[in-house]
Amino acid sequence: MRSGSAIALAAGLALAVLFIASLAAGSVWLTPAQLLHAVGADQNDLAQLILLQLRLPRAVLAVLIGGALGLCGAVLQGLLRNPLAEPGLLGVSSGAALGAVIALYFGLAARFAYAAPLMGLTGALLAMSLTYAFGRGGTLTLILAGAAVSALAGAGVSLALDLAPNASGAYEIMTWLMGSLTDRSWDHVWLAAPFILGGAVLLATTARSLDALSLGEAQAESLGLDLDRLRVAVLIGVALCVGAATAVAGAIGFIGLIAPHLVRPFVAHQPSRTLLPSTLLGAALLLGADLAGRLLRYHGAEIKLGVFTALAGAPFFFWLVLRLRATAP
Amino acid sequence: MSRLSARDVTVRRSGRAILNDVSVSLPAGAFVAVIGANGAGKSTLLSVLAGLLKPDQGEALLDGQSLATMDRKALARRRAYLPQTPRCEWPIAVERLVALGLTPSLPAFGGLPADLRDRVDQALTALDLNDRRAQAATTLSGGELARAMLARAVVGDPQVLILDEPIAGLDPRHALDAMGRLQGFAQAGQLVVAAVHDLVLAARFTTHILALKKGAVIAFGPTAQTLSAHLLREAFQVEARVAGEGRNSVIDVFAPTQP
């Protein structure tokens, strides 16, 4: 009990520190005094503008998206009892990516700033419906249907890249696909937040069922668990969370895969107790990655968030594999 | 006192009848061995009796009430089910695994209430698992895991206990122990239904034999009167000698029946 609360507390503290740091750090550094002043003051000075219009929405979005990815990863790994499950598994993030890419491809995004996220959300919900229509009734069929939907949406994205009328169009799509929080505003927060919070509430209700699933599907059902209902709840919850996250920030990998792994040993491997710490840690990891990408510039350009999480996440994952190999029977 | 029954149960899978018009009524306090050749329909019948599989025709009833109309959680509090070779998928502690058996009695959120924690302690003690309670369930030996799963099944004090091959893979000592415990639960008033392949242990410990062949019941009755050389020939196509009674039963299967 205590170690479980400890990891949640530690992740929460790291989150708070990183949140304040990501408000202060950037091309213009703000001291804590300036931060406090900017919050309190009523004048439209530069510090206040940077804080309230640039950094605060970006940090809030990082917390929402990182938390959503960490939570989805923990729930999916619990549902599938497979430590390799990650939020992209059900085809939802690919669907969101395809939706946004269509908006970019046809130039809708240039005419209307929120075309990409709105089309991304639509794509995520369509992908979810398709996965459910083909995959309902079994956990394995759900994964397979998700893989098929992912492949289909991926093919659509490749097609758009291939047929892009000019190099700058293709570049725009590539940039978006890499995932980023650059230039995101409060409008993006208001667009994503209701979906992510709604999805998170739905996913939080699955905790008890995930514990029962430690015994396998037959025993879990014998304990009164309605597996069909659980699968639908997880699919909708993940679609809302990951769909909205991908729609506003592009594809961001590894967070949802790694966060549950990191917290699991601290909560005695109990699936229900990974949810909260994994959410907090996912948020902290994404905030940290965004902060690092912002500070570690390469020829003046920020390193894209999706690229950074993959770059930083992959070596960590190798380490995890090595540890697993050492402890496996 | 609970009575579990099947009424005209038929289960079909891709056109073939796995169970064909099975009717049987099992009283509380009985320890029923379900026997039959591989593919005879034992596991399917147990799934139907546990309410996990809805038959294509007919119904399973607990005290006259159809399982299909019962609330999932209410049913889960009254009967426990263990599938063949149950596994634990995460390295959770044995006491956590046993506590999962109380899932249908738990509130939607929050930890384990104090009175339920006592139940876990009792189940751990009853199955000699006290020195294993903090150990990860995935590191247990086969015999210990079988005991832990049995503790998980009985921790909620169910009226009906349904087990699919509970002694498969256990060494002779652990198999004897397991059958003895199941007999104890039946003597305490629970209904225990188990698919069993070890005919000697079935003869020694169970009160009733339910024999299946190709999805149909070919015999059901008190063990001493039902488990005969004639039945074994019909159910398994083997020649056997059956001798003794109760704890002294001996069954020697010596040759396949010539067609």
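How many residues of α4(A) are buried? The count is 14 of 14, so the helix is mostly covered by the definition used here, in which a buried residue has 20 or more other C-beta atoms within 10 Å of its own. This is a predicted model.

**Chain A**

Helix α4 of chain A runs over residues 92-105. Its 14 residues reach 20 Å from the first C-alpha to the last. That is close to the 20 Å expected at 1.5 Å a residue. Just after α4(A) comes A:G107, with a positive phi of about 75°.

What does the rest of chain A contain? The chain has 15 helices and 0 strands. Of its 329 residues, 50% are buried. The C-alpha atoms fill a box of roughly 65 × 50 × 40 Å along the principal axes. A compact globule of 329 residues would have a radius of gyration near 20 Å, and chain A agrees because its own value is 20 Å. Now take the contacts in chain A between residues at least 6 apart in sequence: 77% of them join residues at least 24 apart.

**An open sheet in chain B**

Strands of a sheet pair through backbone hydrogen bonds, either parallel or antiparallel. In chain B, 4 strands form an open sheet in the order β2-β1-β4-β5, and the pairing is antiparallel. The edges are β2 (16-27) and β5 (65-66) of chain B. Each has a single partner strand, so one side of each is left without a neighbour in the sheet.

Strand β1(B), residues 3-13, pairs with β2(B) over 8 bridges. One bridge partner is easy to find: B:R12 is matched with B:A17 in β2(B). Helix α1(B), residues 42-49, lies across β1, β2 and β4 (57-62) of chain B. The helix runs at about 125° to β1(B).

**A buried strand and its partners**

Is β8(B) enclosed or open? All 5 of the 5 residues of β8(B), residues 191-195, are buried, so the strand is largely enclosed by the rest of the structure. Both of its faces are covered. On one side sit B:L191, B:V193 and B:A195; on the other, B:V192 and B:A194.

Strand β8(B) runs parallel to β3(B), residues 31-35, and also parallel to β7(B), residues 160-164. From β3(B), B:V32 has B:V193 as its bridge partner. From β7(B), B:D164 has B:A195.

Elsewhere in chain B, β9 (208-213) and β10 (216-222) pair in the antiparallel sense. Here B:L210 has B:F220 as its bridge partner in β10(B). The hairpin of these strands has 2 residues between them, and B:K214 takes a positive phi near 50°.

Here are the strand pairs of chain B described above.

| Strand pair | Sense | Bridges |
|---|---|---|
| β1(B) and β2(B) | antiparallel | 8 bridges |
| β3(B) and β8(B) | parallel | 4 bridges |
| β7(B) and β8(B) | parallel | 5 bridges |
| β9(B) and β10(B) | antiparallel | 6 bridges |

**Where the chains meet**

How many residues does each chain bring to the contact? Chain B gives 22 residues and chain A gives 18 residues. On the side of chain B that touches chain A, α2 (72-78) and β6 (79-82) of chain B each supply at least two residues. The largest share, 3 residues, comes from α2(B). By type, the residues on this side of chain B divide into 16 nonpolar, 1 polar and 5 charged.

Note on methods:
Residues are numbered from 1 along each chain as its sequence is written. Chains are lettered from A and ligands numbered from 1 in the order in which they are written. This is a predicted model: local features need pLDDT of at least 70, side-chain atom pairs count only at pLDDT 80 or more; totals for chains, interfaces and linings use all residues. Two residues are in contact if their C-beta atoms, placed from the backbone, lie within 7 Å. Ala, Val, Leu, Ile, Met, Phe, Trp, Tyr, Cys and Pro count as nonpolar, Asp, Glu, Lys and Arg as charged, and the others, Gly among them, as polar. Two strands pair if DSSP finds at least two bridges between them. Axes are lines fitted to C-alpha atoms, for helices over the stretch in contact, and angles run from 0 to 180 degrees between N-to-C directions. The expected span of a helix is 1.5 Å times one less than its number of residues. A residue is buried if 20 or more other C-beta atoms lie within 10 Å of its own, exposed if 12 or fewer, and partly exposed in between; C-beta atoms are placed from the backbone. The radius of gyration is taken over C-alpha atoms; the globule rule is 2.2 Å times the number of residues to the power 0.38.
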